[in-house]
There are 2 protein chains.
Amino acid sequence: MQNNLNYSIRIPSSTKKRIVIIGGGFGGIQLARGLKNKGFQVVLLDRHNYHTFQPLLYQVATAGLEPDSIAGPLRKLLQHYKDFYFRMALVNEIIPEKNMIDTTIGKLEYDYLVIAVGSKTNYFGQEERFDKAFPLKQIPQALDLRSQILQNFEKAIMTTDKEERQSLKNFVIVGGGPTGVEVAGALGELKMHVLPNDYKELDFEKMNIYLVEGQPRLLSGMSETASKKSYDFLKRFNVTVKLGTIVKAFDGKFVHLDDGMVIPSQTLVWAAGVTGNMIDGLSEEVIANGRIMVDEFNKVKSYENVFAIGDIALQKSKSFPNGLPMLAPVAMQQGKLLAKNLCHLKKGKAPLPFQYLDKGSMATIGRNKAVVDLKGIKFSGLFAWFVWMFVHLMSIIGFRNKLVVFSNWLWNYFTYDRGTRLIIRPFIRNPEKKKQREKVSVI
Amino acid sequence: MQNNLNYSIRIPSSTKKRIVIIGGGFGGIQLARGLKNKGFQVVLLDRHNYHTFQPLLYQVATAGLEPDSIAGPLRKLLQHYKDFYFRMALVNEIIPEKNMIDTTIGKLEYDYLVIAVGSKTNYFGQEERFDKAFPLKQIPQALDLRSQILQNFEKAIMTTDKEERQSLKNFVIVGGGPTGVEVAGALGELKMHVLPNDYKELDFEKMNIYLVEGQPRLLSGMSETASKKSYDFLKRFNVTVKLGTIVKAFDGKFVHLDDGMVIPSQTLVWAAGVTGNMIDGLSEEVIANGRIMVDEFNKVKSYENVFAIGDIALQKSKSFPNGLPMLAPVAMQQGKLLAKNLCHLKKGKAPLPFQYLDKGSMATIGRNKAVVDLKGIKFSGLFAWFVWMFVHLMSIIGFRNKLVVFSNWLWNYFTYDRGTRLIIRPFIRNPEKKKQREKVSVI
C-alpha cells in the first residue's frame, strides 16, 4: 500500500465495552453470533472478506466444488448485528500494556481482545526447503492446486520427454491426517472416473498417487479401526501409502524421502500439519509450540482481558494433557462458551469452565467410502459416507451454500463428473513470489 | 516457459484430412460439434481449457454468479468425439504457404484451418492510456473486477480522506452497448438492494454510477425503442448516462471526459468495444479493421483452405455492407454452416453460402427490466426480462451450468442477495503486470 497514512480503522467510540475479535473462522464466527446484540461493541477483523469452510477445501482443489460454495461473505453473516463492525485487515502486533492492537489500517483500543486467528501450514521450520509445495489452508491455495493438477495433464500430453510426462502424472501428498487422506482419495477418484474421459491420450495406469506419513498409521487422531479402514480404502484407489516415512526435500521436480526413495513429481501437496498463526506482542511465557496458553476460561495466562480460542489456543485438560486438538468443533464450542462468559462477566456472574464435548471424528476417502468414530461406535463404508456428507452439509454456513454444495454432490455422484475443472491462474505463476502471495492483504 | 524444447503439439498422423480450429468460443464449439465423427481429424486449440459464456461475464463481475457456472471445460464438451484433439496453447503465427501454424507448443500442419479466435478488448490504439481500466472479456478479468468493486467499499470505510472515499464510490463504465448497459444496471442493483446491507457505515446516496457513450444513444445496435427504454431503466437506478461523450484518459484516480468533466474514480470499466484478436501470418490484403475478410462461405480471400468465423471474420452481405455484427449468434450459425460445408467439400458437393438469420437482440438492465428487439416486435420490462433469462439459460452449455445459474438467479431474485461477493485476488495486484497477465498461457 502506498498511502497507508490515509487509512484508519475508524470504529466509532461507544459507551459499551468493546470486544475485538481477530479472525472470522469457526471460533470467531461462533463468538460473534453469541455476542449478537448483547450490549457490547464488537469489532471483527479478518484478512479475507469471507469465512472459509476449510473441511471442504480439498474438494475445491480437486474440481468437485466451486470456491464460492464453501465461502461465506462475513458481512452477510453478520448483517443484522447492532454496533458490530467488520474490517478487512491484518494485525501487525498486540500491545497488551496499552489494551491496543496495531493493524495494517491503524491502531485500535479494546476492552476485551479475542485471538481467533487459527492455524497456518506447518513446515516445521523448513519453509525454504518446501516453498514449491502446495499448501491447502486457504481458497486461493485450493484454486492454485486445482490449476496445477489439471495443467499437469495438459502438459503431460504435450511433453516429448517421457520422464517429464511421468513426473507430471505423479502426485505426492505428505501427511496422513484427514486432509491428506481426503486429497489422496479425491485424486484416486479423479484417476478412476473423471480424468481418463478427458485425457484419452494418456495412460492413467501410470498416474501414481503417493501418501507419505511419518507416523506408523494413517489418521492417528482417530481409532485404529479408522486407520486400518482408510488404508484399505486408499489401496482400492491404488494409492501408494508410505507409513513411518518422512519427506526430506522437494525442488519442484523430485520428492526425496528419508528411506532413500526419490519420486519424480512436480506436485507435492503439503498436508503435514498446522501450527498457530502467531501474532507478535504477547509475552514469551504464554507461548508454547506456536500456540497461546489459555486457562479453562480461554483467558490468556497473565493477561486480564485477552482471550484465545480455536487452533491458536493451547488449552490443557485432564483428558487432553497436551492440549485440545486443533479441530473446528473445539473452536466452535470455545467461541460459544466465551460469548456466554463475556456476558456473565458484564453481569458480574462467574464464568463457566470449558469442557470439550467430543462428538466424534470422521474422514472420507472418495466415492461411497468414509470412516467415522463416534463415542462407543466406529463404522465405515457407504453409511459412514452418508453420515460424513450430512454432517458437512449441515455445517456449511448459509442456505445458498448448502444448496450449491448439495447440487454439486448429486451431480458428481450420478454423472461421475467434476463440473469445475477450470485452469484459472489469472496471473503469472512465479514460485519466488509465493511467500509474498500468502501474505496478501486488502491494501 | 523455461524448457519449450521439451514440448510438442503431438497430434498423431492420420489418413483423414486434418481440420485445425483455433479458438473454443461460440463459433469454434459449434464447428467442432458439426464435425463430430464426420471422417475428419479435428484439432481444437484454445488458450484456456474452458469455453466462456461471455454474455454472463458481467454477472460474475457483479457477484451474481460463480465463475465456474459460466464456463464449460472444453475436454468435457468434446469427450465422446473420435479422432479429436484438444490442446491448450496460443498460436504465434500462421504460415499459410506451408499449410502450417506455429504455436507455443510447436508447429502443426493442417489440411483446413479455421480461425475462430474471436475478439479482444478494443482500446482504439490507446492501450497505454487505459492500462488501469478493467476490461471484461475473460473470466479472470471478471473476477478481478468483482474484487475491485468489493474492495472499493472495504477501503471506503477505512479511508480518512473524504475525496478518496468518494473516488472509491464512483464507478465509470465506458461504452453503452449491451455489456456497458448490463454492468451499469447490475451496479445499480447492487447499490439499491445489496451493498447497503453489507456496508451500513457508508452513504450509498453518494455511490455514483456513470455510463459514458460516444454515440448519441445507448444500444446503438438495437432499435430506438430499446435505446430509449434502456435509458429510462438506467435512470431509475440513478445511473448518470452521458451520451455523445468520449473518455479521454484514466490514470487510476481520475476519469477525464471530452466535455471537460473530470470524475474522481478508481474504477473504469472498459466496455467500449472489441476488435479482432488478430494472428500474424496472413497477407495484409485480407485484413481490414482488425478483422479477416471472408467470402460468403467464410473462406479467407485468396487462400484455398483457410476459413474464419465469428468475431474475427469480416463478412459483408447486402443487408450488412460493413460486415456482419460481432455477435454470438453469427459465430454459432457460421460454425454450424462451415461444418456442413467442409463435409460437402469432402463429398465433392458445392458449399452453401452463409445467410445470417437475425433472431433479434436483447439486453437486461437489472431486476425485472430488459429490452428485447425481435423481428417486427419490440418490447421491454418484466416479460422482456423473463425472455432474456430464458434465452440465456438455454444457451449456456451443459446441464450442470444451467442448474447452477438457475439456482443462483432464483436465490438472487427472492433474497435480494448476491452469494458470491468474495474478494479473491490470490496474487499481488500490480498494474504494471496487467498487460503481461492478459497474455498468460499454459506454459
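What distance separates the centres of domain 1 of chain A and domain 2 of chain A, taken over C-alpha atoms? In this predicted model, the separation of the two centres is 33 Å. Chain A pairs with chain B through a contact that takes 56 residues from each of the two chains.

**Domains of chain A**
- Domain 1 is assembled from the segments 4-47, 89-121 and 275-347.
- Domain 2 consists of 134-272 together with 367-438.

**Relation of the two chains**
- A turn of 180 degrees, with a shift of 0.0 Å along the axis, lays chain A on chain B with an RMSD of 0.0 Å.
- This is how copies related by a two-fold axis are placed.
- The copies meet through the same surface, because 100% of the interface residues of chain A are also interface residues in chain B.

**The side of chain A that touches chain B**
- The contact draws 56 residues from chain A.
- Elements of chain A that each supply at least two residues to this side are strand 4 (71-73), helix 3 (74-77), strand 5 (84-88), helix 4 (139-158), helix 6 (178-198), helix 10 (399-415) and helix 11 (434-438).
- Helix 4 of chain A gives the most, with 10 residues.
- By residue class, this side of chain A holds 26 nonpolar, 13 polar and 17 charged residues.

**Nonpolar core**
- The largest nonpolar core has 258 residues.
- Those with the most contacts inside this core are A:Ile21, A:Val114, A:Ile173, B:Ile21, B:Val114, B:Ile173 and B:Phe307.
- Leaving aside residues up to four places away in sequence, B:Ile173 touches B:Gly180, B:Val183, B:Ala184, B:Tyr210, B:Leu211, B:Val212, B:Val269 and B:Ala271.

Key
Residues numbered from 1 in each chain as written. Chains lettered and ligands numbered in written order. Predicted model: local features only at pLDDT ≥ 70, side-chain atom pairs only at ≥ 80, totals over all residues. Core = buried A, V, L, I, M, F, W, Y, C linked by C-beta atoms within 7 Å. Buried ≥ 20, exposed ≤ 12 C-beta atoms within 10 Å, placed from the backbone. Contact = placed C-beta atoms within 7 Å. Least-squares fit on C-alpha atoms with pLDDT ≥ 70 in both. Helix = DSSP H or I, 4+ residues; strand = E, 2+ residues; numbered from the N terminus. Nonpolar A, V, L, I, M, F, W, Y, C, P; charged D, E, K, R; others polar. Domains from an automatic or database assignment.
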